[in-house]
Every structure is written in structure tokens, then in C-alpha cells.
Amino acid sequence: MVATERAEQTMKYLSLLSQQFPNQQSVFTEIINLQAILNLPKGTEHFMSDLHGEYEAFMHILNNCSGVIREHVDEIFGDTLSDCEKGDLCTLIYYPSEKLRLVRAARRDSPTWYKENLNHLITVARSLSSRYTRSKVRKAIPHDYAYIIDELLHTHPDENNYRIRYHERIIDSILETDSTDDFIRSLSALIKRLAVDHLHLVGDVFDRGGGAAKIMDRLMDYHSLDIQWGNHDILWMGAAAGEEACIISVLRNNLRYDNYEILENDYGISLRALVAFANKTYHANDSITPLIKAINVLLFKLEGQIIMRHPEFDMQDRLLLDKIDTNEGTIDINGTTWKMRTNDFPTVDPERPYDLTEEEQAIVDKLVAEFTGADHLRRHIEFLYSHGSVYLVRNGNLLFHGCVPMNDDGTFSSFNCMGTYRSGRDYLDFCDNVARRAWRTRERDALDWMWYLWIGFKSPMSGRLVKTFERSYIEDRTSWEEPMDPYFTLTREIPACDAIMREFRLLPGTGHIINGHTPVKTVAGEKPIRADGRLLVIDGGFCRAYHPKTGIAGYTLISSSRGMRLKAHEAFKSVDEALTRNADIQSVTTRFDVAKRRLMVSDTDTGEEIRRHINDLRLLLDAYRNGVLPEVRQV
């Protein structure tokens with residue numbers, strides 16, 4: 001019976017497949033095409049992490065593809081162009097509109113300049129296009145000049161040089177019709193598109209820098225990417241779904257870094273009612289502003305309500321509002337008394353410290369309505385859900401933002417997930433599922449989990465005991481220490497990394513765990529490559545606030561057909577510097593996992609998918625040959 005059902009399902013599938021490939025000739029053609037694709041070089045994968053709203057630095061890394069474009073320009077032109085000329089060409093590729101304005105302003109925009117740079121751009125695009133099928137290149141070419149660019153990319157010398165003269169005539173026509181600037185922009189976009197086949201963002205688009213909304217707008221137009229949610233992404237996702245504590249945390253984080261613009265200008269979220277309430281309710285005579293005081297109290301009340309609803313979160317030690325001695329201006333935390341920075345808590349009822357006042361509730365309700373009703377934010381969050389996940393297994397690598405919670409002995413921590421204890425991959429799958437339920441259903445328990453995923457000690461996005469209360473109210477920094485999950489220590493050694501790879505059904509020693517989340521403090525001697533290459537931590541501090549701690553301005557990772565290389569970037573100065581001085585981001589490259597032979601599409605997950613499709617096509621071919629399915633003959 002089972003075999004019969006399987007045969008019926010196979011025939012249904014082949015019948016559907018026959019609608020796309022209606023006869024033997026079309027099947028032959030597709031098999032030949034797919035077999036050829038398997039023998040092309042593997043596409044370049046670009047890994048970035050912890051952007052934290054640093055839009056200009058992100059865009060420059062995206063434009064220069066972490067130095068991949070400069071590497072190609074150096075390889076293609078060698079000594080035929082000077083370093084200055086190659087720098088000019090690269091800047092033209094990165095910022096074509098801006099560079100063209102400068103060229104015109106300097107009166108360098110002669111026909112000779114245009115012709116030389118068009119030819120250079122075509123040469124670079126032709127070199128990069130050789131790694132893809134002609135069909136894929138055609139799809140990547142900007143629509144307005146698709147036919148012309150396709151012709152130029154595939155112009156080669158012939159016996160009488162007819163094709164070369166044809167090529168030259170196309171260039172002359174472009175110059176004559178004053179379409180050169182548009183054409184240069186199109187070629188530059190194509191080069192950047194071909195330089196990187198796929199982008200992996202290993203978490204934390206949001207927070208700190210003010211450009212997260214602009215980054216999201218750009219990502220929504222990017223040709224191919226995936227996202228592993230970071231704790232700050234989850235926070236915004238929870239806020240957009242209407243989780244109150246997430247909303248207040250978003251406000252607190254953005255106000256701490258003076259990022260009003262993302263709230264008001266980008267997402268249309270007004271803080272006027274909250275500001276008015278804070279100014280009339282709280283004093284302005286100590287080191288904390290009335291607005292931050294109001295936000296802090298709202299946050300700790302709302303967090304307290306979640307903690308009391310969920311004893312399984314094991315966060316009762318974070319219930320601190322009831323531990324405040326307002327007469328002494330102190331707080332008792334686990335038997336230690338600390339002096340507080342303020343004693344201004346007019347809305348905290350000692351009998352019911354976690355209840356919102358009527359006015360606080362009205363403000364929270366208004367903020368929930370604004371976050372859930374913000375159309376621009378909703379589009380961004382839907383994109384995070386459609387292109388994101390808690391983790392990703394791809395091409396032998398395991399990508400996630402934070403950690404896989406572990407015990408001190410190297411076993412995976414077990415956690416109570418709505419009544420069922422889960423650990424390892426099973427726990428991360430639950431976290432992914434509950435995050436999607438929160439957005440889809442907005443049920444209370446799922447929303448509460450969004451807050452836990454943002455801040456919980458056993459959250460795979462967080463993995464630390466967050467001391468927001470102590471950092472808000474206590475001057476003594478010894479109270480600020482935030483213990484980390486054992487994962488972060490254990491994975492400096494091979495055994496823990498190998499255990500994680502096996503848990504996610506990967507072969508230890510062949511791929512890599514790729515994380516963000518914890519900035520690599522290079523100034524303190526920390527290394528991003530750990531456990532003999534098993535673990536790669538690519539959070540080097542895009543965020544400007546981290547630069548003094550890390551000593552660099554971010555890591556990015558490149559995986560190409562020739563192996564992997566890690567880029568340690570210096571701080572990005574400005575677009576003006578890039579344009580006027582060709583000031584590219586300077587990067588130190590560490591090459592590792594160098595391929596013994598060039599990796600092809602056949603060596604990737606895409607290659608495995610193609611082989612499965614070829615097998616399906618062979619079954620369809622047999623069905624046509626045996627008369628099981630009728631062919632539709634071409635006329």
C-alpha cells in the first residue's frame with residue numbers, strides 16, 4: 001500500500017514537472033544546462049554581522065564587497081594602471097553618481113575620460129560575468145541597458161575584428177547620445193551584483209547607529225541574502241508585534257544613543273505624550289533625565305509582569321523595584337546594599353510596585369498602537385521574517401547570532417518551552433517557531449517569549465545575564481558584571497564546537513560555526529578565529545561606540561571558490577573622503593581554509609539541489625520514453 005501511494009505521488013509530481021518541460025527535447029536541454037552550471041566556480045558568499053545601524057560604513061562595505069572589487073581590479077589591470085587610476089576606477093564603481101559629479105566639477109569629463117572608463121568597467125564586468133551562466137548574467141543586468149550591456153560583455157575578437165569594431169561603435173553611440181552617466185551607473189551596479197553572489201547577515205541590523213531603517217531599505221532591494229536574527233532584531237520584531245516591554249526597551253536604547261530620527265522620522269513614532277508625562281512627573285535635579293527615569297520605571301514594571309507570569313524563565317532575581325529603600329536611597333540585591341543614583345520613583349507603589357498607573361497604561365497603549373500601526377516598520381519586520389531565521393545551515397557552515405546554550409560540562413542546556421523541555425537544535429527550532437507565532441497571532445505567551453529572546457540568559461540571541469537595572473541606577477560598576485553562557489568559553493576549544501556541529505547534523509572539522517554578538521577585542525589580544533578554525537566570530541565592532549574596545553571597525557568574511565578570508569576593517573571615515581581621496585576602508589586580510597582545488601557549484605548546497613533536480617528530470621525522461629506520460633511536440 002505504501003509503495004503504491006509513493007508511486008502515485010511520484011506520478012503526480014512528474015505530471016506537474018511535465019508542464020514546465022513538455023517533451024524530451026526540453027528535458028535534454030535543461031539537463032545539459034544544469035550539468036554545465038555544476039561545473040562553474042562557486043559563487044562568492046559575503047558574511048557581515050552586528051551592523052547596529054551604521055549605515056555609511058555598511059554601504060561602503062556593501063559597495064566595495066569587503067575589498068573583493070579592488071582585488072579583481074588589481075588582478076585584471078595589474079601594472080597597466082597606476083594605483084591612483086585603479087583607486088579612481090574603484091571609487092567610480094562604489095559611488096558612480098557622486099564620482100561623476102566630482103569629475104564634471106573638476107572639468108575632467110572629456111570624451112577620452114568617458115571612453116577609457118567605460119572600457120575599464122566593461123573589462124571588469126566581463127571578467128566577473130565569466131563565473132556565471134549567460135542567463136544569470138542577463139537577469140542581473142539593469143533593465144534599461146540590458147541588450148547593449150549583454151552585447152558588450154560577449155564581444156570577442158574575430159578574424160576581421162568585426163566584433164571589435166561593433167563594440168567600439170556601441171561605445172561611440174553611447175557617448176553621442178549623452179547616456180554615458182546612466183550607462184556607467186548601470187555597469188557599476190552590475191559589477192557589484194556579480195562580485196558577490198549571496199550575502200549572509202549574522203544578526204543585529206538594529207540599535208545604536210541611526211541608520212537601521214536605511215539599511216533595511218537597502219537590504220530589501222538586495223539580490224540575494226539571508227538573515228540570522230540577533231537580539232536587537234528580535235527586540236524590534238517584538239516591538240512591532242506589540243510586546244510592551246520590547247517597545248519600551250527600543251525607546252530606551254535609541255534615546256541612550258540619541259537616535260530620535262529612526263523613531264520619529266523613519267517610522268513616525270511620536271514621543272510627545274511620553275515626554276510631557278515625564279517632565280511633569282519626574283524631577284530634573286539629578287544625573288538621570290526625567291524622560292529616562294519615566295522609561296526605566298515603565299520598563300522594569302513591564303518586565304516584572306512578564307517574569308511573574310513565567311516562573312520558568314527563572315528570572316525572579318530581576319524583580320528589583322520592590323527591593324528599593326526610598327528613604328535611604330538604596331537597594332538590596334542578593335544581600336548586598338547599593339547606593340542608587342536617584343530616589344525619584346513617584347509612580348512606584350510599594351504595595352504593588354509592578355502595576356502601571358492609569359496614566360502610564362495610557363501611554364503604553366498609545367505606543368503599542370503606534371508601533372503596530374507603523375507601515376514602514378511593518379514592511380521591514382515582515383522582511384526580517386521572510387528572509388530570516390534563528391540559525392542557518394548552508395554549504396557546511398552553521399550560522400547563528402549568539403549561542404547554543406550550554407552547561408559547564410559541555411552538554412546542551414535544557415529549557416522549559418511552554419511545558420516541554422528542549423535543548424540544542426530542538427530548542428533553537430522552538431525559538432524560531434515561537435518568534436513567528438508572536439508576529440502571526442500576537443498571543444500573550446509568544447509575545448512574552450520575544451522579550452525573553454531579547455534579554456534572557458538562556459536565549460540563543462542573548463546568552464548573558466543583562467544588568468539593565470544596575471546600569472541604570474547604580475554608580476558602582478562592580479554591580480554591572482554580566483555573566484555569560486558557558487558556550488562563549490567552551491567554544492574556544494575544539495570539543496564543544498564539534499559537539500555543536502554534530503547536533504546540527506554537520507561533519508565536525510569540515511565547516512565552521514559563524515557567530516556575531518560578542519565584539520572581538522583585538523586590542524586585548526582576542527582572535528576572531530577560534531578552536532583551530534571551527535569557530536569564526538565576525539563581530540569586530542561596526543558600531544562606533546565599540547571602536548575603542550575592539551581596536552577595529554568590524555570584521556567581514558568572504559567565502560569564494562578559492563577558500564575563505566577574514567577581513568579586519570579600519571574605521572570608515574566618510575563618503576567625501578572616499579570620493580576626494582579614494583579613501584577606501586583599509587582592511588587586513590587573513591586567509592584560511594584555502595581550497596586545495598577550486599570549489600565549484602557542484603560542491604555546494606545549490607549543487608546538491610541541482611543534482612536532485614537532474615534526477616527528477618531523468619525520471620521524467622523515462623516516463624516520456626516509456627509512454628507513461630504523453631509528450632507535447634513542438635510545432
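Which hand, left or right, does the crossing of H13 and H14 have? In this predicted model, helix H13 (residues 231-240) and helix H14 (residues 244-256) pack against each other at an angle of about 125°, with their axes 8 Å apart, and that angle makes H13 oblique to H14. The crossing of H13 and H14 is left-handed. On the side of H13, the contact is formed by His232, Leu235, Trp236, Gly238 and Ala239, which meet Cys246, Ile247, Ser249, Val250, Asn253 and Asn254 of H14.

Helix H13 also contains Asn231, a residue that is buried, its relative accessible area being 4%. When neighbours within four places in sequence are left aside, the contacts of Asn231 are with Asp204, His401, Leu453, Trp454, Met461 and His517.

Two kinds of strand arrangement can be described, a hairpin and an open sheet. In the hairpin, strand E5 (residues 330-333) and strand E6 (residues 336-339) are paired in the antiparallel sense over four bridges, and Ile333 has Thr336 of E6 as its bridge partner. Two residues lie between E5 and E6, and in this turn Asn334 adopts a positive phi of about 50°.

The open sheet consists of five strands in the order E8-E9-E12-E14-E13, and its pairing is mixed. Strand E8 (391-394) and strand E13 (529-530) stand at the edges with a single partner strand each, so that one side of each has no neighbour in the sheet. At one of these edges, E13 is joined by two bridges to strand E14 (residues 535-537), and the two strands run antiparallel; within this pair, Ile529 has Leu536 of E14 as its bridge partner. Helix H24 (residues 494-503) packs on the sheet, where it touches strand E9 (397-400), strand E12 (513-515) and E14, and the direction of H24 makes about 100° with that of E12.

Backbone conformation was considered next for two further residues with positive phi. Most residues other than glycine have a negative phi. Against this background, His52 has a phi near 50°, a positive value in a residue other than glycine; His52 is placed in the loop between strand E1 (45-48) and helix H3 (55-64), and with a relative accessible area of 2% it is buried. Cys65 likewise is not a glycine and has a positive phi, of about 55°. The position of Cys65 is in the loop between H3 and helix H4 (68-77), and Cys65 is buried as well, at a relative accessible area of 1%.

Side chains of opposite charge can pair when their charged atoms come close. In the structure, 44 salt bridges are found, and three individual pairs together with one network are described here. Arg378 and Asp375 meet through their side chains in a salt bridge with an N to O distance of 2.3 Å. Both residues belong to helix H19 (residues 375-387), and because Arg378 and Asp375 are three residues apart there, about one helical turn separates them. Arg378 is partly exposed, with 31% relative accessible area, and Asp375 is also partly exposed, at 38% relative accessibility.

A second salt bridge is formed by Glu443 and Arg437, whose closest N and O atoms are 2.8 Å apart. In this pair Glu443 is partly exposed, having a relative accessible area of 30%, whereas Arg437 is buried, its relative accessible area being 18%.

The third pair comprises Asp485 and Lys458, whose side chains meet in a salt bridge at 3.2 Å, N to O. Asp485 lies in the loop between helix H22 (468-473) and helix H23 (487-490), while Lys458 lies in the loop between helix H21 (444-455) and H22, so the pair ties together parts that are 27 residues apart in sequence. Asp485 is buried, at 1% relative accessibility, and Lys458 is buried too, with a relative accessible area of 18%.

Beyond these pairs, a network of salt bridges links Glu243, Glu244, Arg309, Arg444 and Asp448.

Definitions and conventions
Residues are numbered from 1 along each chain as its sequence is written. This is a predicted model: local features need pLDDT of at least 70, side-chain atom pairs count only at pLDDT 80 or more; totals for chains, interfaces and linings use all residues. Side-chain values use heavy atoms; hydrogens and water are left out. A salt bridge is a side-chain nitrogen of Lys or Arg within 4 Å of a carboxyl oxygen of Asp or Glu. Buried means under 20% relative accessible area, exposed over 50%, partly exposed in between (1.4 Å probe, protein chains only). Two strands pair if DSSP finds at least two bridges between them. Axes are lines fitted to C-alpha atoms, for helices over the stretch in contact, and angles run from 0 to 180 degrees between N-to-C directions. Angles under 35 degrees count as roughly parallel, over 145 as roughly antiparallel, 65 to 115 as roughly perpendicular and the rest as oblique. A crossing is left-handed if the near helix is turned anticlockwise from the far one by less than a right angle, and right-handed if clockwise. Contact means heavy atoms within 4.5 Å.
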